[in-house]
Amino acid sequence: MKHCIRCCIALLPNDLHKHCSRCRGPSHNNKNCHLCKRENKVLLHLDSKQMNLLAVLEVRTDHSESWTGLFCLKKGKLCSLMFGLLIMMLVMASYILTGAKHGLLLVLPTFHYGAFARNSNLMDSEMLCDMKDHYQTSKINISYAKDYPNIKVIIDTITSNIEFKPRHYPHLEDLKKQELHMFSVIPNKFLPNIKSPCWYEEYSGNMTTNPYATNSYALYSKRFRTIFDYLRKVFWNHLYHYKDKHYRLRCLPHFYIIGQPKCGTTDLYDRLRLHPDVRFSAIKEPHWWTRKRFGIIRLRDGFHDRYPVEDYLDLFDLAAHQIQSVLQDDVAKGYSNKMNNIIIGEASASTMWDNNAWIFFYDNSSDGEPPFLIQDFIHAFQPNAKLIVMLRDPVERLYSDYLYFASANKSVEDFHEKVAESLQLFENCLVDYSLRACVYNNTLNNAMPVRLQVGLYVVFLLDWLTVFNKDQMLVLRLEDHASNVKYTMHMVFRFLDLGALSEKQEALITKSPASNTRRPEDRNLGPMLPLTKEILEDFYRPFNAKLAQVFCDEAFLWKKP
């Protein structure tokens, strides 16, 4: 039986359908029906079997009739509706154009940094994720941000609020209160005949004990387990046995390559480790001082168990074994006081700038500035440590950083938009807080879509110079290194007091291809937009000028040739 879906779907059995007032029985004809005439109908074929009405959803035609009524509005009402929509569109267009003219579309809601800085003891990783989602999803309307004069106002505001204030160095006793275990493990004196800071530590295990069983680096990363498996196998052979006791040689780095990311630190590391007197940690970038000792494995994953200092020291056991072997050979030859020339290095590019975890652990801050920094603790143990810094034009560094870390939808336009948004956020912070407070503000750093703060080199280096002398620091430029590798490597060798190399050894170090270059797919994007480059040059200019002044070198201005 056929039912007209327009006028009579009742899903009734055959014997009742003849009583339908709309169809008048199964003989219904669409062409003759006064309701269906001249309309396109869809017919529904139903089974002739008895149907349970409670199990079937009844379909009616009232909705289609209401739509028909909508299109049958009187002309007067339709004209009124169209006129109202036109007025609404004109009002919205006027608002948008006025907002663009006065720069209103670049204004974000007030960014409350103080709430986070002053209540760090109430914060946890879940709150951090919520805040990050909040500030990253409240996207700024940057459809007009390509207008340079509007962004220039933001940069001028930032420049007017820049003030390089001296930092107060914390007392040693305050540092010890913060890291009691670390100070109980690392001694304040080291072996005199070793360049690197090393000492002997009593080992109470036996030959079957695995000293690396609980090492967090091995537990959280499969690629490190091979290294620790090897160390476990040779561990007992490298112990120093004296009066029925066993001692292991523990070491810290003699020098640190502290920064910056995307500035050539990997290439410097790869070349420097080819020197016969240089040893590095088992992992290029342990990130222990900045992240792992706080329990940060991956920034996006929140906090885990904190890595104890013993796990960090395990990373230098390979180097300690080689130093121990040389010491034993010298003693056997009667040269017990001979200086061991092997030096140990560490190359975490986060060491110079990443203090983002302070807000969760050090709650006695003033005005949003961290009371303790990474360099305070390194200096407390190693006041004679040497520091190597590799820098790069901060404008190009930021673009390289974006290309390396952005996961999808990379483009020069997207980079421009992210720069505009980050500048806005940074300006909002500087209105209420000091430069140092904003640079070390974890919430701001997580909210900015590009890492503007990493290129503010002078802010970080001035803080390092509050605890270390300038002659303990070698600051290089990637541009110089790329143009003359041999010259920069000689500077590094002299700085570290490394011995002379043979011609073959030097060629191996200086003529090897560059490491960690830009990926082909990123190179295909080409350079950033000229407008973006001009904006970033204006932003970084006062910071570069201060850097050139501090180190008495105009090369750090990164002027255009």
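Here is a friendly conversation about a sheet and a cavity in a predicted model.

Biologist: Which strands stand at the edges of the five-stranded open sheet?

Modeller: Follow the order of this sheet, which runs β7-β8-β6-β9-β10 with parallel pairing. An edge strand pairs on one side only. That description fits two strands, β7 (278–280) and β10 (473–477).

Biologist: Which residue in β9 stands opposite Y256?

Modeller: Look at β6, residues 255–259, and β9, residues 386–391. These two strands pair in the parallel sense over four bridges. Opposite Y256 you will find L387.

Biologist: At about what angle does helix α22 run to β10?

Modeller: Two helices are worth a look here. Helix α11 (residues 265–272) lies across β6, β7 and β9, and its angle to β6 is about 160°. Helix α22 (residues 485–495) lies across β9 and β10 instead, and its angle to β10 is about 175°.

Biologist: Which element gives the most residues to the lining of the second largest cavity?

Modeller: The model has six cavities of 30 Å³ or more, and the second largest holds about 60 Å³ of space. Both β5 (245–251) and α13 (317–332) supply at least two residues of its lining. With four residues, the top contributor is α13.

Biologist: How many residues of that lining are charged?

Modeller: The lining of the second largest cavity includes F235, H238, R248, D317 and Q324. Sorted by type, the lining has four nonpolar and three polar residues, and the number of charged ones is two.

Definitions and conventions:
Residues are numbered from 1 along each chain as its sequence is written. This is a predicted model: local features need pLDDT of at least 70, side-chain atom pairs count only at pLDDT 80 or more; totals for chains, interfaces and linings use all residues. Side-chain values use heavy atoms; hydrogens and water are left out. Two strands pair if DSSP finds at least two bridges between them. Contact means heavy atoms within 4.5 Å. Axes are lines fitted to C-alpha atoms, for helices over the stretch in contact, and angles run from 0 to 180 degrees between N-to-C directions. On a 1 Å grid over the protein atoms alone, a cavity is a set of points where a 1.4 Å probe fits but cannot get out, and a pocket is an open set with protein on both sides within 12 Å along at least five of seven lines; lining residues have an atom within 4 Å of a point. Grid points are joined across faces, edges and corners, and a volume is the space filled by probe spheres set on the points. Ala, Val, Leu, Ile, Met, Phe, Trp, Tyr, Cys and Pro count as nonpolar, Asp, Glu, Lys and Arg as charged, and the others, Gly among them, as polar.
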